[in-house]
Amino acid sequence: MTYQLEEPFFEEKGKITAQKEIGDNKTQMTFSSNGTLKGNIPVTNSGDLVSLSKGNSGTSAQGQGVVTTKDGSEKANYTFLQVGKTITKDGKPVLRGVFLHCICSGFA
């Protein structure tokens with residue numbers, strides 16, 4: 001059996017725009033990014049999440065956001081769960097892991 005990875009459906013680069021400690025190993029964050037959907041549709045993505053840090057650089061998070069086309073003609077609201085490990089690449093934290101989402105409204 002042969003497996004082949006397809007081109008990414010969604011790629012983005014962004015930043016944390018606000019961050020607040022809300023408990024032991026819990027952080028509330030807001031984020032904003034620019035990305036590409038289906039390889040050629042420019043979009044913005046923004047939302048918020050609560051992250052729980054675990055030992056050995058492990059992290060899990062739950063949140064929601066909205067992806068909007070750059071021209072503003074379409075948008076999709078979503079919720080998500082993510083689990084992964086934070087690594088450092090070029091001096092910046094990068095999350096490697098699994099991201100599960102549910103598109104609640106918007107893009108078909």
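Here are a few questions and answers about this predicted model.

Me: Is Val-67 buried or exposed?
Reply: Val-67 sits in strand S4, which spans residues 58-69. Its relative accessible area is 11%, and the cut-off for buried is under 20%. So Val-67 is buried.

Me: Which element gives the largest share of the largest nonpolar core?
Reply: That core has 9 residues in all: Met-29, Phe-31, Leu-37, Val-43, Leu-49, Ala-61, Val-67, Tyr-78 and Phe-80. Strands S2 (26-37), S3 (41-53), S4 and S5 (75-89) each give two or more residues to it. The largest share, 3 residues, comes from S2.

Me: What separates the C-alpha atoms of Val-67 and Gly-97?
Reply: Val-67 belongs to strand S4. Along the chain, Val-67 and Gly-97 are 30 residues apart. Between their C-alpha atoms, the separation is 20 Å.

Me: Is Leu-100 buried or exposed?
Reply: Leu-100 lies in strand S6, and it joins Leu-81 and Val-98 in a nonpolar patch on the surface, with about 290 Å² of accessible area together. Exposed means over 50% relative accessible area. Leu-100 has 54% relative accessibility, so it counts as exposed.

Me: Which residues form the positive surface patch?
Reply: Let's start from Lys-92, found in strand S6 (residues 92-105). Lys-92 counts as exposed because its relative accessibility is 57%. The positive patch on the surface is made up of Lys-13, Lys-89, Lys-92 and Arg-96.

How values were computed
Residues are numbered from 1 along each chain as its sequence is written. This is a predicted model: local features need pLDDT of at least 70, side-chain atom pairs count only at pLDDT 80 or more; totals for chains, interfaces and linings use all residues. Side-chain values use heavy atoms; hydrogens and water are left out. Patches are made of residues with over 30% relative accessible area and no salt bridge: like charges are joined within 9 Å, nonpolar side chains (Val, Leu, Ile, Met, Phe, Trp, Tyr) within 5 Å. Accessible areas come from the Shrake-Rupley method with a 1.4 Å probe; for residues, only the protein chains shown count as cover. A salt bridge is a side-chain nitrogen of Lys or Arg within 4 Å of a carboxyl oxygen of Asp or Glu. Lys and Arg count as positive and Asp and Glu as negative; His and the chain ends are not counted. The place of a charge is taken as NZ of Lys, CZ of Arg, CG of Asp or CD of Glu. Helices (H or I, at least four residues) and strands (E, at least two) are DSSP runs, numbered from the N terminus. Buried means under 20% relative accessible area, exposed over 50%, partly exposed in between (1.4 Å probe, protein chains only). A nonpolar core is a set of buried Ala, Val, Leu, Ile, Met, Phe, Trp, Tyr and Cys residues joined through side-chain atoms within 4.5 Å.
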